[in-house]
Amino acid sequence: MCKEDDAPDPVINTCNGFYCDAFQPNKPYKPTIWTEAWSGWFSDFGGPLHHRPAEDLAFAVARFIQKGGSFVNYYMYHGGTNFGRTAGGPFITTSYDYDAPVDEYGLIRQPKYGHLKELHKAVKMCERALVSADPVVTSLGNFQQAHTYTSESGDCAAFLSNYDTESAARVLFNNMHYNLPPWSISILPDCRNVVFNTAKVGVQTSQMQMLPTNTKMLSWEAYDEDTSALDDSLMISANGLLEQINVTRDASDYLWYITSVDIGSSESFLRGGELPTLIVQSTGHAVHIFINGQLSGSAFGTRENRRFTFTGKVNLRAGTNKIALLSVAVGLPNVGGHFETWNTGILGPVALHGLDQGKRDLSWQKWTYQVGLKGEAMNLDSPNGILSLEWMEGSLAAQTQQPLRWHKAYFDAPEGDEPLALDMESMGKGQIWINGQSIGRYWTAYAHGDCSGCSYSGTFRPTKCQLGCGQPTQKWYHVPRSWLKPTQNLLVLFEELGGDPSKISLVKRSVSTVCAEISEYHPNIKNWQIESYGKTEEFHRPKVHLHCSPGQAISSIKFASFGTPLGTCGSYQQGPCHAPTSYDILEKRCVGKQRCAVTISNSNFGHDPCPNVLKRLSVEAVCAPMTSTTAQPG
């Protein structure tokens, strides 16, 4: 049972978090279990994306194992998609990619996946010692420690840690010197040879891209929700404002709150005075205000502040005015206690200000309620439901960007097997269906946050390594290929605000470039065989491994430098030391192949470009679809 310190026997209390090395179960005979090691963080509409560096995640897991942790489970190992209306939060995006080692689309996220795989391999090599004893902890400096495990049969494993967030440390352990980067742990399965360091990433970095497909969206048509003819038979009435989920029972995200206001013909705003102001207080999560059938304005909450207030001038006329408030839920609560105390919808006050007699409170007058949209009741999202009414031809509809509009089009499935997504950047807010299956909620809300950079060292929290500020939090929506037919797939969307559906496109996700960067003495699992203890052993030089996705090959080498290159993936530059043969060697070994490996040694690059300097090889390669002419066996 996670996060429950007083779990009674025989229940084992466990830890969830970014780090769990400080956790101890409530009885000494219970194993130390980490039920959720958070590999990243979820995103919410209007917020940034969160990146948890692979170096820090590996450091967190190594810290837990070195202290004697028994079991680690990653949350998430494979990101996913909140299809339908399953996203919680509220305000959590349809994408639940989570920066996980396997991404939302089922593709491997490098370097996180490969770096954790190497960590697991290194921990597995320590297994006999780890399960035989508790660690002996010795100090190696102010922020440095050794955790040593020994078994009676002579197994020995050690973890050397450096908690300093700024500085590398040179430590003495068992009469040998070891260099530890900041905020890192080295794993020594024989208490002698380092096979892994959490801060030294030896696997490639893959950069993903969304590429256009040849698929066209055909014959757009539209249907407008009729806001003036709401169906009286489906309505309930009450004096005062009702909580939304109690009325909808989550049958729909949408609930209409409808009332009327009589305005006398002598009101001064009717004769050129200032228009009255409508104030609507909502407990969440969004509201669209319609006055006499016309959209007068919208307002939205956020995940931090679900409650919000709409304030806007409203154009009323003499006589009876119909005020219809469309309240929209964006997910049910998904974490916390006492969900029955959470409110959604418009609980007031709702008031008009600026009439001749001052303020008029509408909160306690008669309100009429309708659950859901007319289009939902008619099943417009399904292939059969769309036949039940006359749709408007798309080019006609495009002349006005109308709120509360249904759109539909047809498309054929693209060739290939890359994962697919819809690019929805041209739209506002709503929901999407394909062949009657819900892709989920979409919302082109722009991300606010602090995207000023990211260091792997230091305690991670979701505010730390943010990405995508100023962009829509989510513009791509995952379309499973298994939901598609070869031809005539029906795309239906409901748009709350207005948007241009003709700019919606189907894209495919694939690796665009791969980078790797490895130094001459990178820790290497091959360098340790238990039999070679005490013998002079051959040093296995590290290798750079590059591989593209299945069906792709390396088409060109964008950057290669053996020496002292600068920069990071996507922005490498030559440093003061550079072997001129770098490009030739990489092109010869890699171009035209799906995968390749190059050993990091002076002999491989002709001669030593700068003696007595620690060198490394940095490479950036471009991946492209294989053609019959480029394909060679890897």
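The following exchange goes through Gln-204, several cysteines and the domains of a predicted model.

Biologist: Where does Gln-204 lie, and why is Gln-204 called buried?

Modeller: Gln-204 sits in the loop between strand 13 (196-197) and strand 14 (205-212). Its relative accessibility is 3%, and because buried means under 20%, Gln-204 counts as buried.

Biologist: What makes the pairing of the side chains of Gln-204 and Ser-206 a polar contact?

Modeller: The two side chains come to 3.1 Å of each other, and the cut-off for such a pair of N or O atoms is within 3.5 Å, so the pair is counted as a polar contact. A polar atom of the Gln-204 side chain also lies 2.7 Å from the backbone nitrogen of His-547.

Biologist: Which residues is Gln-204 in contact with, leaving aside its neighbours within four places in sequence?

Modeller: They are Gln-110, Pro-111, Val-514, Cys-515, Ala-516, His-545, Leu-546 and His-547.

Biologist: Cys-515 is among those contacts; how do you know that Cys-515 and Cys-569 form a disulfide?

Modeller: Their sulfur atoms are 2.1 Å apart, and since a disulfide requires sulfur atoms within 2.5 Å, the pair qualifies. The torsion about the S-S bond is about 70°, so this disulfide is right-handed. Cys-515 belongs to strand 34 (residues 505-519), while Cys-569 is in the loop between strand 36 (552-563) and helix 7 (582-590), so the link ties together parts that are 54 residues apart in sequence.

Biologist: Are Cys-515 and Cys-569 buried or exposed, and what makes them so?

Modeller: Cys-515 has a relative accessibility of 2% and Cys-569 a relative accessible area of 18%; the limit for buried is under 20%, so Cys-515 is buried, and so is Cys-569.

Biologist: Why is the disulfide of Cys-156 and Cys-191 called left-handed?

Modeller: The torsion about its S-S bond is about -85°, so the link is left-handed. Cys-156 lies in strand 9 (residues 156-162) and Cys-191 in the loop between strand 12 (184-188) and strand 13, and the pair therefore ties together parts that are 35 residues apart in sequence. The sulfur atoms are 1.9 Å apart, and Cys-191 is buried at 4% relative accessibility.

Biologist: Why is Cys-454 called partly exposed, and what is Cys-465 called?

Modeller: Cys-454 has 43% relative accessibility, and because partly exposed covers what lies between the 20% and 50% limits, Cys-454 takes that name. Cys-465, at 2% relative accessibility, counts as buried. A disulfide joins Cys-454 to Cys-465, with an S to S distance of 2.0 Å, and with 75° about the S-S bond the link is right-handed.

Biologist: How do you know that the sulfur of Cys-2 is too far for a bond with the closest cysteine sulfur?

Modeller: The closest cysteine sulfur, in Cys-15, is 9.3 Å away, whereas a disulfide needs a pair within 2.5 Å, so the distance is too far for a bond. Cys-2 is partly exposed, with a relative accessible area of 34%. Cys-126 is likewise in no disulfide, the nearest cysteine sulfur, that of Cys-191, being 8.4 Å away; Cys-126 counts as buried at 2% relative accessibility.

Biologist: How many disulfides does the structure hold, and which domains is the protein divided into?

Modeller: The structure holds 8 disulfides. The protein is divided into domain 1 (212-224 + 376-507), domain 2 (236-371) and domain 3 (508-629), and 40 Å separate the centres of domain 1 and domain 3, taken over C-alpha atoms.

Technical notes
Residues are numbered from 1 along each chain as its sequence is written. This is a predicted model: local features need pLDDT of at least 70, side-chain atom pairs count only at pLDDT 80 or more; totals for chains, interfaces and linings use all residues. Side-chain values use heavy atoms; hydrogens and water are left out. Helices (H or I, at least four residues) and strands (E, at least two) are DSSP runs, numbered from the N terminus. Buried means under 20% relative accessible area, exposed over 50%, partly exposed in between (1.4 Å probe, protein chains only). A polar contact is a pair of N or O atoms within 3.5 Å; within protein, one must be able to donate a hydrogen and the other to accept it, and residues adjacent in sequence count only if both atoms are side-chain atoms. Contact means heavy atoms within 4.5 Å. Domain bounds come from an automatic or database domain assignment.
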